[in-house]
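Grab a pencil and work through the exercises below. Try each task on your own before you read its solution.

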Amino acid sequence: MSITQQYLLDTHRARQHGEPVPPAPGLNDWHVVRELRDHRRFRAVLAGRPVGRHPLRSLRRWARPL
């Protein structure tokens with residue numbers, strides 16, 4: 001069963017029972033990524049390491065041809 005099929009099944013069941021509909025899959029992915037980044041930065045500060053550069057600079061460095 002795919003994620004979409006499971007979501008549709010959960011939505012159908014929730015509506016039958018009068019419960020709130022679950023959030024769509026992938027809706028909060030960016031929030032999770034942002035929280036993970038913030039947590040890593042926080043742990044770096046606690047460990048006394050530099051936090052790092054802006055994420056786009058790192059992406060540009062990785063995308064640069066060798």
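Before we start: helices (H or I, at least four residues) and strands (E, at least two) are DSSP runs, numbered from the N terminus. You're looking at a predicted model, where local features need pLDDT of at least 70, side-chain atom pairs count only at pLDDT 80 or more, and totals for chains, interfaces and linings use all residues. Residues are numbered from 1 along each chain as its sequence is written, and side-chain values use heavy atoms, with hydrogens and water left out.

**Exercise 1. Find out which helix has the highest mean pLDDT and which has the lowest.**

Step 1: pLDDT is the predictor's confidence in each residue, from 0 to 100.
Step 2: Over the chain, the average is 85, and 83% of the residues score at least 70.
Step 3: Among the elements, helix α1 (residues 3–17) comes out highest with a mean of 95, while helix α3 (residues 55–63) is lowest at 68.

**Exercise 2. Check the span of α1 against the expected one.**

Step 1: The expected span is 1.5 Å times one less than the number of residues.
Step 2: α1 has 15 residues, so it should span 21 Å.
Step 3: Its end C-alpha atoms are 21 Å apart, which agrees.
Now try helix α2 (residues 29–47): with 19 residues, it reaches 27 Å from first C-alpha to last, close to the 27 Å expected.
What follows each helix? Just after α1, G18 has a positive phi of about 75°, and just after α2, G48 has one of about 80°.

**Exercise 3. Decide whether Q5 and T11 are buried or exposed, and find their polar partners.**

Step 1: Buried means under 20% relative accessible area, exposed over 50%, and partly exposed in between (1.4 Å probe, protein chains only).
Step 2: Q5 sits in helix α1 and has 47%, so this residue is partly exposed.
Step 3: T11 is in helix α1 too, but its 10% makes T11 buried.
Step 4: A polar atom of the Q5 side chain lies 3.0 Å from the backbone nitrogen of S2, and one of the T11 side chain lies 2.8 Å from the backbone oxygen of Y7.
Step 5: Beyond neighbours within four places in sequence, T11 is in contact (heavy atoms within 4.5 Å) with V21 and P22.

**Exercise 4. Locate the salt bridge.**

Step 1: You need a side-chain nitrogen of Lys or Arg within 4 Å of a carboxyl oxygen of Asp or Glu.
Step 2: The structure holds 1 salt bridge, and R37 and D38 form one at 3.3 Å, N to O.
Step 3: D38, at 38% relative accessibility, counts as partly exposed, and R37, at 36%, does as well.

Technical notes:
A polar contact is a pair of N or O atoms within 3.5 Å; within protein, one must be able to donate a hydrogen and the other to accept it, and residues adjacent in sequence count only if both atoms are side-chain atoms.
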